[in-house]
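Load the model and set the display to cartoon. Keep a selection box open as you read.

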Amino acid sequence: MSVIILVRMIERVFSNSIAVTPYGNHPASEPSDAHKITSDPLLAGAGSGGIGLSSVNGYKLGTGSPALSSGVLMSSNGGKDYWGNTVSSSIAPNRGAYNGAGIVLTTPNTWNAVDDANVRDGTYATTNQAGTTAVTVDTKNDLTSYKRDGYFKFDFNSYSGTVSNATITLKPIIAAMSGIQNEVALVSDNTWTEGAITWNTKPSSSTVLGTYTIVAGTPITINVTSQVQAAMSTGKKLSIRVYSTSAVNSNGNVSFASSESIASTDRPKLTITP
């Protein structure tokens with residue numbers, strides 16, 4: 001991508017902008033802008049981007065988006081958008097990086113975790129940590145008997161469609177200190193249950209799916225597209241392990257909302273987009 005294209009994309013974003021997230025939150029201190037749009041831009045899959053240039057198709061615009069054909073004409077615009085679509089010098093472009101036609105949006109399918117629990121080492125290694133009733137799943141890197149790992153399992157056996165994108169969203173309710181790092185890894189054994197899992201019986205993990213700096217109240221989104229695609233032919237279940245990679249610290253605990261959380265919107269979920 002040329003510097004000219006990138007600069008023009010940035011100019012289009014700031015000249016005729018869209019307040020994307022959250023759509024309805026506009027404080028009194030928000031700058032006045034006669035050209036801004038504050039309604040839903042109808043992105044194909046915001047937050048679904050991963051590693052690589054081809055992983056950001058979720059930022060294309062859907063049919064009916066207010067960002068379509070409402071941008072500002074720019075001279076020397078480079079002629080192409082991020083995806084290679086033509087950017088005209090005489091027809092108003094879209095706002096943002098995508099200048100193609102609006103795409104038909106599909107409705108994502110969502111499942112809450114069917115099992116989730118944390119396990120604890122040392123003197124608690126044979127004890128189930130109330131997985132069927134606990135409202136949080138905890139992680140912590142601490143001295144023996146205080147270390148905790150979290151496990152989450154999703155069952156999407158009811159789904160029979162295609163998988164163009166899949167994500168797991170976890171909501172950290174508590175982060176005892178700033179800068180705590182949690183890593184997420186794939187678990188291939190889906191036979192564990194939240195009412196029986198202990199430190200001594202926990203399944204091992206393999207592929208690391210991501211490392212996240214945890215901020216209380218800010219969800220983390222894990223891209224599991226390829227893992228869900230593979231699971232479509234091997235049982236339609238997916239398990240992950242979440243664990244702290246921060247230095248040993250008695251104040252390094254994180255508490256994620258579990259499937260038993262009172263707030264249904266905070267519960268761990270798997271989202272599949274056809």
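The tour goes from the whole chain to one sheet, then to some loop residues. The model is predicted.

**Stop 1: the whole chain**

Color by secondary structure. The protein chain has two helices and 12 strands. Trace it along the sequence and the pattern reads α-β-β-β-β-β-β-β-β-β-α-β-β-β.

Now switch on the surface. The protein chain exposes about 13300 Å², and carbon and sulfur atoms supply 55% of that area. Of the 274 residues, 42% are buried.

How much of the contact set with a separation of 6 or more comes from residues 24 or more positions apart? The share is 73%.

**Stop 2: a four-stranded sheet**

Select β1 (109–112), β12 (residues 269–273), β5 (residues 165–170) and β9 (220–223). Together they make an open sheet of four strands in the order β1-β12-β5-β9, with antiparallel pairing. β1 and β9 are the edge strands, and each pairs on one side only. From one strand to the next, the twist averages 20 degrees.

Cross the sheet from the β1 edge. β1 and β12 run antiparallel and are joined by four bridges. To find one of the pairings, show tryptophan 111: its bridge partner in β12 is leucine 270.

Stay on β12. Four of its five residues are buried, leaving the strand mostly covered.

Move on to β5. This strand is joined to β12 by five bridges, again antiparallel. Two partners are worth labeling. Alanine 166 has isoleucine 272 as its bridge partner in β12. Asparagine 165 has threonine 273 as its bridge partner in β12.

Finish at the other edge. β5 pairs with β9 in the antiparallel sense, over four bridges. Show threonine 169 here; it stands opposite threonine 221 in β9.

**Stop 3: the two faces of β5**

Go back to β5 and show its side chains. Why is this strand described as largely enclosed by the rest of the structure? Six of its six residues are buried, so β5 is largely enclosed.

Rotate to see each face in turn. One side carries Asn165, Thr167 and Thr169, and the other carries Ala166, Ile168 and Leu170. These residues are all buried, and both faces of the strand are covered.

**Stop 4: the loop between β3 and β4**

Leave the sheet and select the loop between β3 (136–139) and β4 (148–155). Two residues in this loop are worth a look: serine 145 and tyrosine 146.

Is serine 145 buried or exposed? Its relative accessibility is 11%, so serine 145 counts as buried, because the cut-off for buried is under 20%. Show the residues around it. Beyond those up to four places away in sequence, serine 145 touches Arg120, Asp121, Gly122, Thr123 and Tyr124.

Now take tyrosine 146. This residue is partly exposed, with a relative accessible area of 43%. Add Leu143 and Val248 to the selection. With Tyr146 they form a nonpolar patch on the surface. Together the three have about 310 Å² of accessible area.

**Stop 5: two positive phi angles**

Open a Ramachandran plot for the last stop. Most residues other than glycine have a negative phi.

Pick serine 69, in the loop between α1 (3–15) and β1. Its phi is positive, about 55 degrees, although it is not a glycine. Serine 69 counts as exposed, at 51% relative accessibility.

Then pick alanine 130, in the loop between β2 (115–120) and β3. What is its phi? The angle is positive, about 50 degrees, although alanine 130 is not a glycine. Alanine 130 has 38% relative accessibility and counts as partly exposed.

**Before you close the viewer**

Save one view of the open sheet in the order β1-β12-β5-β9. Save another of the surface patch formed by Leu143, Tyr146 and Val248.

How values were computed. Residues are numbered from 1 along each chain as its sequence is written. This is a predicted model: local features need pLDDT of at least 70, side-chain atom pairs count only at pLDDT 80 or more; totals for chains, interfaces and linings use all residues. Side-chain values use heavy atoms; hydrogens and water are left out. Patches are made of residues with over 30% relative accessible area and no salt bridge: like charges are joined within 9 Å, nonpolar side chains (Val, Leu, Ile, Met, Phe, Trp, Tyr) within 5 Å. Accessible areas come from the Shrake-Rupley method with a 1.4 Å probe; for residues, only the protein chains shown count as cover. A salt bridge is a side-chain nitrogen of Lys or Arg within 4 Å of a carboxyl oxygen of Asp or Glu. Buried means under 20% relative accessible area, exposed over 50%, partly exposed in between (1.4 Å probe, protein chains only). Contact means heavy atoms within 4.5 Å. Two strands pair if DSSP finds at least two bridges between them. Axes are lines fitted to C-alpha atoms, for helices over the stretch in contact, and angles run from 0 to 180 degrees between N-to-C directions.
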